[in-house]
Amino acid sequence: KSIGLTHRWLKRGVEHFSQTRPLYDYDQDFIPIVQGSVYKDLRMQSAETIASYNMSANAIGGLSVGEPIDDMYRMIEEVTNILPSDKPRYLMGVGLPEDILESIELGVDMFDCVIPTRNARNGTVFTSKGKLIIKSARCKSDNMPIDDNCDCYTCTNFSRAYIRHLFNSNEILGLRLATLHNIHFYMWLVREARKQIFEG
């Protein structure tokens with residue numbers, strides 16, 4: 001029933017989109033979303049229906065809501081085998097670094113997620129060596145940058161100890177510096193993935 005509802009919404013949405021002038025005269029995209037939870041038959045049916053609309057890109061939804069990680073990867077692989085490879089494939093709401101890399105390998109092109117910014121605001125930063133809890137006691141006297149392999153504004157100007165101090169003082173600058181770093185890290189991660197793809 002849910003898949004049927006999704007596909008009826010899609011048909012109505014595409015019809016409306018095709019009859020509507022772009023807002024502010026900028027081209028816009030209508031990106032349908034594959035659903036189906038972790039059920040292979042429903043995912044395949046949804047992916048085939050979505051692909052048949054031949055839109056500019058296709059999204060994969062409903063895979064960041066607590067299902068086992070192996071099921072998520074299995075469903076991504078099933079769907080990317082059906083969605084056209086010449087159109088961007090957008091995985092919604094998935095954003096741990098390891099999940100991004102695995103999903104790229106499975107054929108995903110685009111991502112969105114609150115993880116880099118939300119985690120930063122809560123004191124978790126991502127580094128080339130793994131996650132770091134910047135509020136932890138081990139950072140109290142640590143004059144190293146968050147990541148010594150990083151050239152972001154935060155890492156080139158501030159130490160772990162100072163950023164920890166900002167968090168513990170409830171100074172909003174700490175949240176901003178951590179957020180800047182995490183966004184920079186994610187941009188580095190996907191640039192590096194792209195480079196590795198081009199290098200074979």
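**View 1. The largest nonpolar core of this predicted model, with the residues that touch the most other members.** The largest nonpolar core holds 18 residues, and among these Ile 60, Ile 76 and Leu 83 touch the most other members. Two or more residues come from each of the elements α1 (2–18), α2 (40–52) and α3 (69–80), and α3 gives the most, with 5 residues. In soluble globular proteins, nonpolar side chains tend to be buried together.

**View 2. The surroundings of Leu 83, and a second core.** When residues up to four places away in sequence are not counted, Leu 83 touches Val 34, Ala 47, Ile 50, Ala 51, Asn 58, Ile 60 and Arg 89. Apart from the largest core lies another one, made of 15 residues, and its members include Leu 132, Cys 139, Ile 163 and Ala 178.

**View 3. Asn 58 in strand β2.** Asn 58 belongs to strand β2, which covers residues 58–60. Its relative accessible area is 2%, which is under 20%, and therefore Asn 58 counts as buried. Leaving out residues up to four places away in sequence, Asn 58 touches Ile 31, Pro 32, Ile 50, Leu 83, Pro 84, Lys 87, Pro 88, Arg 89 and Tyr 90.

**View 4. A nonpolar patch on the surface.** Leu 23, Tyr 24 and Tyr 26 together make a nonpolar surface patch of about 440 Å². Leu 23 is found in the loop between α1 and β1 (33–34), and this residue is described as partly exposed because its relative accessible area of 48% falls between 20% and 50%.

**View 5. Strand β5 and its partner β6.** Strand β5 (residues 124–127) is covered on both faces, with Thr 124 and Phe 126 buried on one side and Val 125 and Thr 127 buried on the other. In a regular strand the side chains alternate between the two faces of the sheet. Strands β5 and β6 (residues 130–133) run antiparallel and are joined by 4 bridges; the bridge partner of Thr 124 in β6 is Ile 133. A hairpin passing through 2 residues joins β5 to β6.

**View 6. Gly 174 in helix α8.** Gly 174 has its place in helix α8, which covers residues 172–198, and with a relative accessible area of 0% Gly 174 is buried. Although Gly 174 and Ile 163 are 11 residues apart in sequence, their C-alpha atoms are 5.4 Å apart in space. With neighbours within four places in sequence left aside, Gly 174 is in contact with Ile 163, Leu 166 and Phe 167.

Key
Residues are numbered from 1 along each chain as its sequence is written. This is a predicted model: local features need pLDDT of at least 70, side-chain atom pairs count only at pLDDT 80 or more; totals for chains, interfaces and linings use all residues. Side-chain values use heavy atoms; hydrogens and water are left out. A nonpolar core is a set of buried Ala, Val, Leu, Ile, Met, Phe, Trp, Tyr and Cys residues joined through side-chain atoms within 4.5 Å. Buried means under 20% relative accessible area, exposed over 50%, partly exposed in between (1.4 Å probe, protein chains only). Contact means heavy atoms within 4.5 Å. Patches are made of residues with over 30% relative accessible area and no salt bridge: like charges are joined within 9 Å, nonpolar side chains (Val, Leu, Ile, Met, Phe, Trp, Tyr) within 5 Å. Accessible areas come from the Shrake-Rupley method with a 1.4 Å probe; for residues, only the protein chains shown count as cover. A salt bridge is a side-chain nitrogen of Lys or Arg within 4 Å of a carboxyl oxygen of Asp or Glu. Two strands pair if DSSP finds at least two bridges between them.
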